[in-house]
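User: I would like to learn how to read the contacts between chains in a model like this one. Could you take me through them step by step?

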Amino acid sequence: MISQEKLQAILQRLRAQEGVRGVVVTTMEGLPLSSDIDPDTTESVAAIITSLVGKAMDAVRELKEGNLSFLTLDTSKGQINIAPEPKEGLILVVLKNNE
Amino acid sequence: MSEPKVFDKILTEIIRQDKGVKKCILVDKTGLTIANVSKLSAFVVDTDSIGAIASAVFCASEEQGKNLQIGELEIVTSEFSGGKIFASACGKGVLCVVSEAEVNIGMIRLVMKKQGVQLAEELDKFLAVEPMPGKDELDEEDLKSALEELERV
Amino acid sequence: MRKDDQGRIHLKLVFYGPSLGGKTTALRWLYGKVEGLQKGEFTAIEDETNRTLFFDYVPMSAGGRVLFDVFTVAGQKRHKHQRKVVLQGTDGILFVADSSPDQREENTESFEELKMFLGDDLGRNIPIVVMLNKRDLPNRMSRDEMLDLLGLGSNVPIYETIALQGVGVKRAFQAIAREVILKRMYK
């Protein structure tokens, strides 16, 4: 499993980027591990994004398109970037504002 | 008293949220099963005894929390090699969800908290004793006949 | 008294009393031997020596739309908090007292604890029936001695029982069930 220091370093770098509103790391069980936004939103993000990733992975598998590596949701408020890491059992979620 | 079907509706809503959820049971704190919904594929079990244990386990944890003065109990999670049981506070009752081992725990917690609020309200209405015309006589008939049956046992 | 989603009336009965006094034995006898009662599954939370750790539970019915949810408590002293949990919402108590002379203190302690948990409701809003169990013991305490011990007057129905053989158990159960129903009808 990825070390805490390594993970924290990645999160620091992401948070420093312009337009980033929040960075959440959740387990594949939908439980948040790390977050810099409020607890209620964190809980929702972890639960709902994990559910979405599960469905997306199913879709990719059904279509025999290999493995899911990245998901982007474009929204009116900005963008949600989702990077699943099945080997680590983690999902990285980055919420961004519109530029 | 509210329409009992409303419980089934909310429980069905919860069961649909995640494919790993197999069973939802609503119990009160005396151990009585008020309503339950299962996926068709779920194993057949005696829901009354599942409900009685779910309620007692939750209340025992609640009691433990009181003794340790660590506030209100929100959710009890029991993890087994082949599945999980979640029990959450729900007003005067306890909401119990049985799932497979591999499941989106965050989603189940979220849904239980969200639907728990509505269930708690419905439960309050359900448990409130509102005398309805003719209702008491009906109950009295039931009680009377039980009394007679009892003598014949 | 509560109702389920099918509108059936549920009444909760709890077997209370000191450790190893025969609560579970009495319930098992009712469950196994009394044919006139319709019963659900017997649920027991017990240790490997069959001592109750938390409770036993059986739903029973004498027919019709009234159900009795029958529970026993764990009698050992350290399970006090579990007993409090099981007592929640009870409609009636069947107190199982132990007739062995060496259980004098255990009987009183258990009864005092019950009074503490239920307060003024005990005997008023929550009827109680007492089983003096193990009446086959050669050195059993006398009936008067036991009633004295528990501070019981003539207003509480008393049954002398031998739970192992089922003697008196059915009648004691009928008595508490009747008391609980009557309490609901003429409150």
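Analyst: Let us begin with polar contacts, bearing in mind that this is a predicted model. Between chain C and chain B there are nine residue pairs in polar contact, with both residues at pLDDT 80 or more.

User: Which elements of chain C give two or more residues to the side that touches chain B?

Analyst: The list comprises strands S1 (2–3), S2 (9–16), S4 (43–46), S5 (52–61) and S6 (66–73), together with helices H2 (80–87) and H5 (169–185) of chain C. The largest share, eight residues, comes from H5(C), and the residues on this side of chain C divide into 19 nonpolar, eight polar and 12 charged.

User: How many salt bridges are counted between chain C and chain B?

Analyst: The count is five salt bridges; one of them joins Glu151(B) to Arg178(C), with the closest N and O atoms 3.2 Å apart.

User: What area is buried between chain C and chain B?

Analyst: The buried area is about 3200 Å², and carbon and sulfur atoms give 67% of that area. On the chain C side, Lys3(C), Asp5(C) and Met185(C) lose the most area to chain B, together 18% of what that side buries.

User: What does the same reading give for chain B and chain A?

Analyst: Here 10 residues of chain B are in contact with 10 residues of chain A, and the buried area is about 820 Å², of which carbon and sulfur atoms give 52%. In chain B, Asn104(B), Ile105(B) and Leu110(B) lose the most area to chain A, together 47% of what that side buries. Four salt bridges are counted between these two chains, including the one in which Lys113(B) meets Glu43(A) at 2.9 Å, N to O.

Note on methods
Residues numbered from 1 in each chain as written. Chains lettered and ligands numbered in written order. Predicted model: local features only at pLDDT ≥ 70, side-chain atom pairs only at ≥ 80, totals over all residues. Heavy atoms only, no water. Buried area = accessible area lost by both parts, 1.4 Å probe. Salt bridge = Lys/Arg side-chain N within 4 Å of Asp/Glu carboxyl O. Polar contact = N/O pair within 3.5 Å; in protein donor to acceptor, adjacent residues only side chain to side chain. Helix = DSSP H or I, 4+ residues; strand = E, 2+ residues; numbered from the N terminus. Nonpolar A, V, L, I, M, F, W, Y, C, P; charged D, E, K, R; others polar. Contact = heavy atoms within 4.5 Å.
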